[in-house]
Amino acid sequence: MGTVHAKSPEQEEHDGHKVDFQSMKQISKEEREELRKRLKSIRERLAEQKAQVMNKKLRNTQAHVQRVHVDGLARTKDDIVINTVRDVFTAQDFYSVILKIHEARSRLAKLGCFKDVGVFIDTYEGPDARDDGIEVTFEVREVNFLGAKVNTSVGNNEGTVTTGGMLKNIFGRAEELSLEYSHGTKRSSSFYSTFVKPFHNEASTVLTASLYQQGSEAPWSGFRELDRGALLNLAFNSAPNVQQKLILEGCWRHLSCLSRSTAFAVREQAGHSLKSSLRHELNVDKRDDLVFPTDGVTFTLKNELAGLGGDIGFLKNELDMQVNVPVTKELVIQGSLQAGHLLPLRNNKTHCITDRFMLGGPMNLRGFEMAGVGPHSDGCSLGAEMFWAAALHAYIPLPLLSRGGSISEKFRLHGFVNTGNIGDFVMTDDYKENLQTLIRDMRLSYGAGLAMSLGGFARVELNYCIPLLLQRGDRPNQGLQFGVAATFL
């Protein structure tokens with residue numbers, strides 16, 4: 001008779017390696033962790049080998065999709081569904097069939113017409129069935145026609161609560177009509193009525209039309225603003241990670257004073273104005289994260305021409321760049337640059353304080369109060385026609401926390417150096433003179449602090465800031481400074 005050898009529960013064999021778990025109790029913690037890593041590596045290698053064998057078998061199995069059926073359609077039009085799943089018929093083997101079906105399911109889910117998409121695969125049994133014929137069924141659940149939402153957002157050191165209702169998939173091609181009201185912590189409020197029309201093409205083109213009323217306060221300048229207008233926005237992707245926008249806007253603006261202490265230089269700009277403008281925005285974003293990127297660059301360029309109608313006229317250009325370089329596994333260096341230039345038009349048009357640039361704040365030029373850099377009058381910031389600001393950051397994770405954990409990914413320690421300048425600079429054809437003009441009387445600050453990711457799209461910072469270079473009229477803020485925003489320097 002043969003002898004049967006059985007392994008105890010404490011012993012296990014992986015890929016020729018025998019591991020005795022009973023003896024692991026007698027080894028050190030470091031050695032035990034190393035053994036567990038070896039086991040994990042062996043399991044991953046075995047799983048990868050099995051997947052390669054399976055893929056090879058699937059590639060050698062002939063299969064053709066002969067019929068696609070979509071269950072659950074009510075309001076959604078057939079043409080956009082057909083265009084979305086058409087690529088499934090090009091598969092020639094079972095591996096390609098699975099891949100094409102997965103891609104079609106992802107595209108259906110992204111249309112904006114469905115809240116759930118399921119897939120079932122079966123052999124095709126029609127009168128013209130082939131031996132390798134397949135039938136694919138997509139089971140979809142359309143989005144509710146009527147919806148409501150309540151959310152919060154942050155920006156410019158202000159929190160906002162938004163509530164509203166919407167009509168979804170109105171005409172069967174993911175169109176949406178929404179009404180929203182929002183209220184901010186700084187007495188700002190807005191009302192938007194928006195219609196969104198996606199075109200479902202390769203450029204992911206989306207046309208948006210809005211009517212709005214938006215109120216806000218600028219206590220650093222002593223005025224209150226109320227805007228009423230209409231906006232037409234055409235957004236599309238011209239390349240991977242490259243989005244462009246064309247925006248046509250008409251706005252009736254009303255400026256009023258916040259208090260009796262508002263400076264006369266601001267008071268004289270109070271009243272009504274009418275602005276119509278055409279704006280182009282180009283955004284390239286190749287970062288691996290929006291809040292705490294470890295690698296990649298982002299670049300945004302905005303160009304606005306105002307003066308198509310009304311009494312406001314100018315040409316405005318803005319630049320925002322960010323570069324992230326991983327130095328070590330834990331250390332990331334980030335460089336940022338922002339700049340803007342406003343050129344008044346010489347056609348009896350004018351511009352007001354809301355069109356000018358402001359500089360300073362906890363998420364801008366740190367170490368200064370909000371809009372605390374540049375021309376001031378009686379304590380009110382007046383803004384300027386040109387500015388630039390740059391920052392250099394060094395980010396590291398919080399110590400004593402395991403790398404890759406949910407908590408450690410939300411926090412970073414950072415040290416920074418900020419610099420910038422703002423004013424109504426006059427440029428000439430002499431580049432050296434222009435450079436001297438831009439850096440003359442520049443501001444400089446440095447500090448360190450704690451940054452936290454908020455929802456993966458905004459960040460909160462608590463920093464200790466030390467202004468080094470400042471000019472007369474600036475409002476420095478040495479010491480602790482708190483800020484929250486979706487965009488930052």
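Which side chain does a polar contact of 2.6 Å join to that of Glu 135? The legends below start there, then move on to two backbone spots and a pocket. Keep in mind that this is a predicted model.

**Figure 1. Glu 135 and its partner Arg 67.** The answer is Arg 67: its side chain and that of Glu 135 are joined by a polar contact of 2.6 Å. Glu 135 sits in strand 5, which covers residues 133-142. Setting aside neighbours within four places in sequence, Glu 135 also touches a run of residues: Phe 120, Ile 121, Asp 122, Thr 123 and Tyr 124 are in contact with Glu 135, alongside Arg 67.

**Figure 2. Asn 169, a positive phi in a loop.** Look just past the end of strand 7 (158-168), in the loop that leads to strand 8 (176-184), and you'll find Asn 169. Its phi is positive, about 50°, even though Asn 169 isn't a glycine. As a rule, most residues other than glycine have a negative phi. Is Asn 169 buried or exposed? Asn 169 is buried, with just 1% relative accessible area.

**Figure 3. Ala 371, another non-glycine with a positive phi.** This one has a phi of about 55°. Ala 371 belongs to the loop between strand 16 (332-344) and strand 17 (376-377). With a relative accessibility of 2%, Ala 371 counts as buried.

**Figure 4. The second largest pocket.** Here we're looking at a pocket with a volume of about 430 Å³. Its lining is made of 14 residues, and those nearest the centre are Leu 111, His 200, Asn 201, Glu 202 and Ser 204. Which helix gives the most to this lining? That's helix 3, with three residues. Helix 3 (78-85) and helix 4 (94-110) each put in at least two. Sorted by class, the lining comes out as five nonpolar, six polar and three charged residues.

**Figure 5. Zooming out to the chain around these close-ups.** For orientation, the chain has six helices and 23 strands. Of its 489 residues, 37% are buried, and Asn 169 and Ala 371 are among them. If you count contacts with a separation of 6 or more, 58% are between residues 24 or more positions apart. The accessible surface of the chain adds up to about 27600 Å², with 56% of that belonging to carbon and sulfur atoms.

Terms used:
Residues numbered from 1 in each chain as written. Predicted model: local features only at pLDDT ≥ 70, side-chain atom pairs only at ≥ 80, totals over all residues. Heavy atoms only, no water. Helix = DSSP H or I, 4+ residues; strand = E, 2+ residues; numbered from the N terminus. Buried < 20%, exposed > 50% of the residue type's maximum accessible area, 1.4 Å probe, protein only. Contact = heavy atoms within 4.5 Å. Areas by Shrake-Rupley, 256 points an atom, 1.4 Å probe, with all protein chains shown as cover. Polar contact = N/O pair within 3.5 Å; in protein donor to acceptor, adjacent residues only side chain to side chain. 1 Å grid on protein atoms, 1.4 Å probe; cavity = no way out; pocket = protein on both sides within 12 Å on 5 of 7 lines; lining within 4 Å. Points joined across faces, edges and corners; volume = space filled by probe spheres on them. Nonpolar A, V, L, I, M, F, W, Y, C, P; charged D, E, K, R; others polar.
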